[in-house]
Each structure stands twice: as C-alpha cells, then as structure tokens.
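Got the viewer open? Let's take a walk through this one, stop by stop, with something to select at each.

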4 protein chains.
Amino acid sequence: MTSVPDLAQAREILAAQPFSDLLGARLVSFGAGEATLELPIRARLHQQHGFVHGGVLSYAADNALTFAAGTVGVGRPLTAGFAIDYLRPATGEILRARAAVIRAGRTRVVCRCDVATIDGDGVETLCAVAQGTVSFALPPDAGAPPVAGGW
Amino acid sequence: MTSVPDLAQAREILAAQPFSDLLGARLVSFGAGEATLELPIRARLHQQHGFVHGGVLSYAADNALTFAAGTVGVGRPLTAGFAIDYLRPATGEILRARAAVIRAGRTRVVCRCDVATIDGDGVETLCAVAQGTVSFALPPDAGAPPVAGGW
Amino acid sequence: MTSVPDLAQAREILAAQPFSDLLGARLVSFGAGEATLELPIRARLHQQHGFVHGGVLSYAADNALTFAAGTVGVGRPLTAGFAIDYLRPATGEILRARAAVIRAGRTRVVCRCDVATIDGDGVETLCAVAQGTVSFALPPDAGAPPVAGGW
Amino acid sequence: MTSVPDLAQAREILAAQPFSDLLGARLVSFGAGEATLELPIRARLHQQHGFVHGGVLSYAADNALTFAAGTVGVGRPLTAGFAIDYLRPATGEILRARAAVIRAGRTRVVCRCDVATIDGDGVETLCAVAQGTVSFALPPDAGAPPVAGGW
C-alpha cells in the first residue's frame, strides 16, 4: 500500500479486529494526525463496582494511539508501548478515546490520548490520559494477507 | 474488611468483573505479593492479523497489577496507572500475566508484570512487560455493596 | 503551611535544591495549575554528541511535574513516577519544561509536561513529552525543617 | 563500527558525556545484556530535604537503560523513552542503577532498570524501578565524529 487509509478503510481495519468487535468499538474520526474511537458503555465492560474496567480504557488508548499514528505513516502501525494514568472511575454512556500525533519521526510516532466518558446529556469527563509510541511493521507476515489499508 | 482475601475470595472478585468474564480470565495464583492471571487465547481476542490484540495484553497487565497489590494491602486496590512495552506479537494457547509487588508503601504499591504466551507444548514466550502503581480506595462508594474480599 | 506558595516562594524552593542549582534551572512561571522551568543549555549538560543529555530532559520533566502539582495542592509535592518519550535530539539555547495539571484528585495529581528547546531566534522545538503523577507527602520528616512554602 | 564496545570503550563513551562527568557517574559493569552505573551521592545531587533529587534517579535510569541496550546492539543506542516509579526517598553513600535487556528486537531493545542506594555498610535499598525502550540511531550526524565504540 502506498498511501494512508481513508476513514472508510480505517473502519474496515477496525472491523477486522475481533477484539474490537467484541468490545463494540467504532471509529468516529480518522485523519490529519488524529483518531477517535468510541465504545458504548455496556455492563459487560464493567469491573465489579459498576465502573468501566481499567482494561477497557487501556484497550481504547492502545488502539486510538495506533490509529492516530496510522494517519501519518505508511505501512502497518503497531503500538510499541504506552503509559496510562487513570484519573477517576469511568462511568457514563459512551467511552471516547481521542488520540493525536505529537511527533512523526522516521521510525516511530509518538502520540497522546485522552480517554473520556460521555453521559446521557453529552457532558464529557476525562477519565484517563495516555502517551505512547507506535512503530511501523515490515510487510505483513507470511500467511497473513493484508487487510484493507495494508495494515 | 480487615484482612487480605484468600485465593477463593480473590477468584470471586474476578468473577464479579463482567469484563474479565467476557475475556475468559481466570486467577491461577494469588498471595504473598504475587498474582497470576491467565486467559485462553481465543479468536475473539485477536487483532486483524491473528495475534492477540494489544488491548488484551494491557487488560491482563492492568488486572494482574491490581490483584498482586491486593495481596499486600487492605481495602480496594485500584490500578492508578501503568506503563507497558510490547516485545513481540503475541500468539499461542494461553496468555499469562504474572505480577509481583516491588514495594508496598503506605499509600501506594508499585508492581511489575510479565505477560507471556504459552504454546501447545507449554513453552512460555514473553510478549510484554509492564510496571505500575496501585492505590487503595476509600470504603466502597455509596450504593456499591462490597464484593467478596471487600474490593 | 495552609496555602499554595506564590512564585517567589516557589523560586526559593527551587533555589534550595542543590541539584537544580547545579543544572542552572530557574522557575519562570508558577500558578493556576502550571509551572515552567528553564535551563540555559550549557556544554556541561550535553551527552557525547553535543545534544542535551536525556537525563537533563528527564530532570526537567520530573521537576516541572512536581512544581505544577504544587500549584494546586497543599503540602509537599513529590513526583511519584512519570513516563517520558524523547522526540528528537535536543539542541538550542534554552531548555524549557512546561507542565500542567490534568487532574487534581484527593490523593494524587496527574500532570503532563512538554519539554522543548528554544534557539537563538526564540523558535521553540518540542523535544520530549511526559506525563506523571505527583503525590503529597506527610509533614516534613523529623529533622528536616520545612523550606519556604512548606515543601 | 562492527562490534559492541567492551567495558573500557564503554567507559570512554561515558567519560565523553559532559553531563555524566558533572554528576560523577561511573560505569561499573557492561556486557552480556547488562550495565550498571554508580554515582557517589554528594550534596550537590540533593533536593531540598537532603534526599537525592528525583532527576538524578531518572538520569541514572535513562543512562543505564541506554548502556544496557548498547551491550547487545550495534550502532548508537539512544533511549527512546522510559517510565520510572519512585519507591522511597533516596539517601545513602552511592546510587546504583542496574539495567538489563529484556528483549532485543530488530529495531528496538526493551530494558528494565533497578535504581538503589547503598549505605555506608554496603546495604542496598531499592529506590526506583524503570523500564524503557532504546533504539539504534543511524550513523553519526554530519559533523559529529564517532566517539569510542561508535556511539
């Protein structure tokens, strides 16, 4: 693939991730150094006290970081690592992870991500912040055909 | 609650987490500063190239860090934040996250976690390393009855 | 101490840190959730290729995070931990670390920090990003009199 | 350069870092995936309460991570980023940062680092833990002659 995917192609890539499908994630924006993932907050995403499990927030940050980097690099982005700090218990209607590229270097892309919940009135509350590095993998492994967008 | 849960109680806590149940996580050990979580690697945990989604690894690290801290503190452990580095694509039969307390301070516990895959022959391959901080929350929020073990 | 220090008091605190004095750090702003540290980039801060040593950037992030938290909390702030990503080799006249509080919780404060270099024409180039957690220590340890501002 | 430096060459590289010289750092071991840095704890490395400044610990972690990676890679190692958690105030005679390679990949090396203080009786106390990623830079930038060992 010689170019960055468009939103439709990026959505195909997300749809091709069984885990993202399991969690009900959707890509609401993708392009120009940014990507936003949303998940309707259902009970199956909770921990034992009715809040969204921290692992859902870290999934959302991990994937949003990857997709944000994917708007500026060519090839398959792969989150190499990230740090996340949880700010408050997460509760609401929707979980939104918005990531943005801070610096696109030759070999790696550094991004930041804000994870927030949105309540029934559309009010957004920040629940975690993350920053991470995304690298670009070599062509797909043998036996794994490229998904839409070359990722 | 005045004491640390035992393995059976800790398993009840995990079972009370809908997200952990969704992912098929189980607690294989818990005590003396350590906790080990395992997840059978099923297709629904994959990303688009057949490897375990990074978000599953970060979930496993997040939860293992929390449970490890729970072996030494009294009250409800909550992962405050963590950093994770992915080492190689994760593939195999089982995902295992083994976390250990490095230092239990008065207000927070620092833990490290190794995340590995286990193949059909029982061979373990490290796929991510993490370190994080766990804090202990005040008594349960109003309206949220304590789960077994007080967490 | 019952209130947050003002800029003059915060500068006294910085001046009381021998390591900050060794590095030539100065506090250029402090208040309302933000703090900015600057260091003139001298040869003694370099690594072996003429760029600012990564350890100077991490020092600047660590200290800026602490001071930013100190604008919103009462007591002695102490950086509990942080993650930093280096974006490009750092070179220029001045190193500037600008930190801001993202969320001030009851027991800990999460901040982000941008570290940049400023060249002779005043052009700013981002060289590292960080995020970290600051906690507030109990009253000064026995034998250690409080410094100005109670820190 | 076609091979990894030996201890003597690695010490030359450290000696060529003005900042490391300013802090009094010395390389006590280097090889086989590990590197250990030590700094005599002098008053000039303190913060305002007589403990070692967190920025010294982060410097030590950053540099130890870089040198540990340098034992397994060819070319110039550069710490891309790291996370550090401070465990307790650092005080003692010597600060020791021991880093070890966890995984040496094709493009990046992940390492862990323990930072400890050693008191007058030789007792070691862990004061921080870190983990980070080191990448390998292209040949030296134009105008920057290689230092001993090609770094």
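Start by selecting chain B and chain A and look for salt bridges across their interface: there are zero. Keep in mind as you click around that this is a predicted model. What the interface of chain B and chain A does have is 19 residue pairs in polar contact, with both residues at pLDDT 80 or more.

Stay with the side of chain B that touches chain A. Helix H2 (18–23), helix H3 (54–70) and E3 of chain B each give two or more residues to it, and E3(B) gives the most, with ten residues. By type, that side of chain B splits into 21 nonpolar, 13 polar and five charged residues.

Now for the whole interface. Highlight the contacts and you'll pick up 39 residues of chain B and 39 residues of chain A. The area buried between chain B and chain A comes to about 2,900 Å², and carbon and sulfur atoms give 61% of that. Which residues of chain B lose the most area to chain A? Select Phe19(B), Gln48(B) and His49(B): together they account for 23% of what that side buries.

**Next stop: where the strands meet**

Select strand E3 (residues 76–86) of chain A along with E3(B). The two pair in the antiparallel sense over five bridges. For a close look, click Ile84(A), which stands opposite Phe82(B), then Asp85(A), which has Gly81(B) opposite.

Zoom out and color by strand. That pairing sits in the middle of this order: E1(A)-E2(A)-E4(A)-E5(A)-E6(A)-E3(A)-E3(B)-E6(B)-E5(B)-E4(B)-E2(B)-E1(B), an open sheet of twelve strands with antiparallel pairing. Why is one side of E1 in chain A and of E1 in chain B left without a neighbour in the sheet? Both of these strands (26–31 in each chain) stand at the edges with a single partner strand, so there is nothing in the sheet on the other side of each. Going from one strand to the next, the twist averages 20 degrees.

Two helices of chain A are worth adding to the view. Helix H1 (residues 7–15) of chain A packs on the sheet, touching E1 and strand E2 (34–40) of chain A, and its direction makes about 140 degrees with that of E1(A). Then select helix H3 (residues 54–70) of chain A. This helix lies across E1, E2, E3, E4, E5 and E6 of chain A together with E3 of chain B, running at about 140 degrees to E3(A).

**Turn to chain D**

Keep chain B on screen and show chain D. Here 19 residues of chain B are in contact with 19 residues of chain D. The buried area is about 1,500 Å², of which carbon and sulfur atoms give 44%. Select Arg103(B), Arg112(B) and Gln131(B), which supply 38% of the area that chain B buries against chain D, more than any other three residues.

How many salt bridges are there between chain B and chain D? The count is two. To see a salt bridge for yourself, show the side chains of Arg112(B) and Asp114(D), which meet at 2.7 Å, N to O. The interface of chain B and chain D also holds 16 residue pairs in polar contact, both at pLDDT 80 or more.

Four strands of chain B each bring at least two residues to the side that touches chain D: E3 (76–86), E4 (94–104), E5 (108–118) and E6 (124–137). E6(B) has the largest share, six residues. That side of chain B is made up of ten nonpolar, three polar and six charged residues.

**Last stop: the other sheet**

Bring in chain C. The order to trace is E1(C)-E2(C)-E4(C)-E5(C)-E6(C)-E3(C)-E3(D)-E6(D)-E5(D)-E4(D)-E2(D)-E1(D), an open sheet of twelve strands with antiparallel pairing.

Finish at the hairpin of chain D. Strand E1 (residues 26–31) and strand E2 (residues 34–40) of chain D pair in the antiparallel sense over five bridges. Click Phe30(D) to find Ala35(D) opposite, and Arg26(D) to find Glu38(D) opposite. The hairpin has two residues between the strands, and Ala32(D) takes a positive phi near 55 degrees. Finally, add helix H1 (residues 7–15) of chain D, which lies across E1 and E2 of chain D at about 140 degrees to E1(D).

Technical notes: Residues numbered from 1 in each chain as written. Chains lettered and ligands numbered in written order. Predicted model: local features only at pLDDT ≥ 70, side-chain atom pairs only at ≥ 80, totals over all residues. Heavy atoms only, no water. Contact = heavy atoms within 4.5 Å. Buried area = accessible area lost by both parts, 1.4 Å probe. Salt bridge = Lys/Arg side-chain N within 4 Å of Asp/Glu carboxyl O. Polar contact = N/O pair within 3.5 Å; in protein donor to acceptor, adjacent residues only side chain to side chain. Nonpolar A, V, L, I, M, F, W, Y, C, P; charged D, E, K, R; others polar. Pairing = 2+ DSSP bridges. Axes fitted to C-alpha atoms, helices over the stretch in contact; angles between N-to-C directions.
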